[in-house]
Amino acid sequence: MIFARHIDGGDLLLLPDGEAKQWRERTKTELRCPIPGCPSPELRTVARHPHKRDGFTHIGGGSGGHSAESYAHLESKGRIAEWLRRRYPHCKVTEEQSTTDRERIADVMIENPNGRKMAFEIQFSALTPAEWKRRHESYRRQEIVDIWLFGSTGAQFRRYAREDRSVLLNPTHEMVAASGQPVYWFNPFAQKIAAAVNLVTADGREYPVPATSHHGELAVYDLESFALFETGFWNEPVRQHHANRDELARREMERQARQAKQLRQREVARAQTLQMAEAEWAQSLLRQRILKRFGGALPGYLEAPIGGKLPVVPAAWQCFLYERFVQGDRDGRTVSIDECARALSGSVAANHEIRYSIAAAWLTGLEKAGLLTRTSNAPWWVGSDESKFLIISREDAERRRQVHAQRKVDWIDPLPLEDDEIETHRPRWDRPRRPSPMLGRARPAPVPVPQKAAVRTCGRCEKPLDPVLWDIGLHVIC
């Protein structure tokens, strides 16, 4: 213990190092233990200089029944008060100073000649976020800048891992950091102040910034490197850490603003493209053919709400796939998701995975509508040749349509997509019908299967006959 209090009260007195003998008699008669409620407050000096620092101890030895946190809290108040008096001699420094409304009692209060006040709160014991917020707001209402120094031992200091320089931030520390204040831990015996920092990589560089949650790496500084500013208690490295945080936050806001602007531009371009696509689709020969086939109105499975964010009319690509793969005398044939996705390559300006997903959703809807039946339960992945659907006969389709007439198909749209995956591309649906990226690959001509020759048997032994004996119908020996 290096601090004591006068028997009549007042501020803490610091025992100068190397002067224990000079203070011996004065300590017995005038000084007492500074911790309130001490059962044996009488003190004496202990000369340890030059090997250790001189200090006080209770008469009779022992610690007086005080905890290590109590000693540390007392030493912290004395150190901060002594540093402030020495650093700012023109200011008034008071320990255990109450605020004007007597709502708070600061551990150390400093007031400059202009009446500006700063309160140092030294916290070694546990403190809930709600209690910290209440105290912080009380100081703010009275226009007092509150500076918080958490203890380097006890409830306020927990290592993140053994033999590690990281420290855990509890919820109270996180609330202090969220308010914009630095989170400090104070060791009064070493006169060191620590702050928690993390490294953030941006533009290929690492920037140290204040830790705001969970844990951070300890950066330790001398008390003498700090100073008081209008906004609080800082040194140059800590100010730089907060400046890095603000700069990175500004860059992030600018990046988000650029992304939002680009998104708006893409939305405008997509809307314009879709408007032109709708006008072209209204005059399309494909639409006229499909409308004629269905008596002037498109069925629901050709206007399914799939791919809504694409700059393509959903009915256009669905009618295109229907005419190419489903309608007409195609019963008994199969169509795969991959075939449909490749056929859309010239019409839907998106990557193959996107085309595959919308084709899969549409074919599944046709299956529910009774037009197709699945031939395999293989999983759906891009390029899979096993995910196929069988086009059923017109009679079966009509029967199934009657059965499913009242059933509502719940279309599942695999979009929305990331905006950078969609291009503003206006398709053309009335291109010549020839093998092209739009229509997919031409199907190879079927290879003719040779027919087996007819076989005739002997009328008596029923064994095969040579073609020369077909007209006789019997073997020579028979």
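Helix α3 (residues 129-141) and helix α4 (residues 171-178) pack with their axes 8 Å apart, at an angle of about 35 degrees. On the α3 side, the contact is made by Pro129, Trp132 and Lys133, and these meet Pro171, Thr172, Met175 and Val176 of α4. By class, the residues of this contact divide into five nonpolar, one polar and one charged. Please keep in mind as you look at the helices that this is a predicted model.

A second helix pair is worth a visit: helix α7 (residues 314-326) and helix α9 (residues 352-369). The table sets the two pairs side by side.

| Helix pair | Angle | Distance between axes |
|---|---|---|
| α3 and α4 | about 35 degrees | 8 Å |
| α7 and α9 | about 65 degrees | 12 Å |

Angles of 65 to 115 degrees count as roughly perpendicular, and α7 and α9 are therefore described that way. The crossing of α7 past α9 is right-handed. From α7, the residues making the contact are Trp317, Gln318, Leu321, Tyr322 and Val326, while α9 brings Ile358, Trp362 and Leu366. Seven of these residues are nonpolar and one is polar, with no charged residue in the contact of α7 with α9. As a reminder of helix geometry, an α-helix has 3.6 residues a turn, so residues three or four places apart point the same way.

Let us stay with α7 a little longer. Its 13 residues should span 18 Å at 1.5 Å a residue, and the end C-alpha atoms are 17 Å apart, which agrees. How many residues of α7 are buried? The count is 11 of the 13, so the helix is largely enclosed by the rest of the structure. Among the buried residues are Trp317, Gln318, Leu321, Tyr322 and Val326, the α7 residues that make the contact with α9. The buried set also includes Ala315, Cys319, Glu323 and Phe325.

Now for a strand. Ala195 is found in β12, which runs over residues 192-202. Is Ala195 buried or exposed? With a relative accessible area of 7%, Ala195 is buried, because the cut-off for that class is under 20%. Its contacts, leaving aside neighbours within four places in sequence, are Val183, Tyr184, Trp185, Glu217, Leu218, Ala219, Tyr221 and Val238. One of these partners, Trp185, lies 10 residues from Ala195 in sequence and 6.6 Å away in space, C-alpha to C-alpha.

Finally, the whole chain. Its secondary structure comes to 10 helices and 19 strands, and 42% of the 478 residues count as buried. Of the contacts with a separation of 6 or more, 61% are between residues 24 or more positions apart.

How values were computed:
Residues numbered from 1 in each chain as written. Predicted model: local features only at pLDDT ≥ 70, side-chain atom pairs only at ≥ 80, totals over all residues. Heavy atoms only, no water. Axes fitted to C-alpha atoms, helices over the stretch in contact; angles between N-to-C directions. Helix = DSSP H or I, 4+ residues; strand = E, 2+ residues; numbered from the N terminus. Parallel < 35°, antiparallel > 145°, perpendicular 65-115°, else oblique. Left-handed = near helix turned anticlockwise from the far one by under 90°. Contact = heavy atoms within 4.5 Å. Nonpolar A, V, L, I, M, F, W, Y, C, P; charged D, E, K, R; others polar. Buried < 20%, exposed > 50% of the residue type's maximum accessible area, 1.4 Å probe, protein only. Expected span 1.5 Å × (residues − 1).
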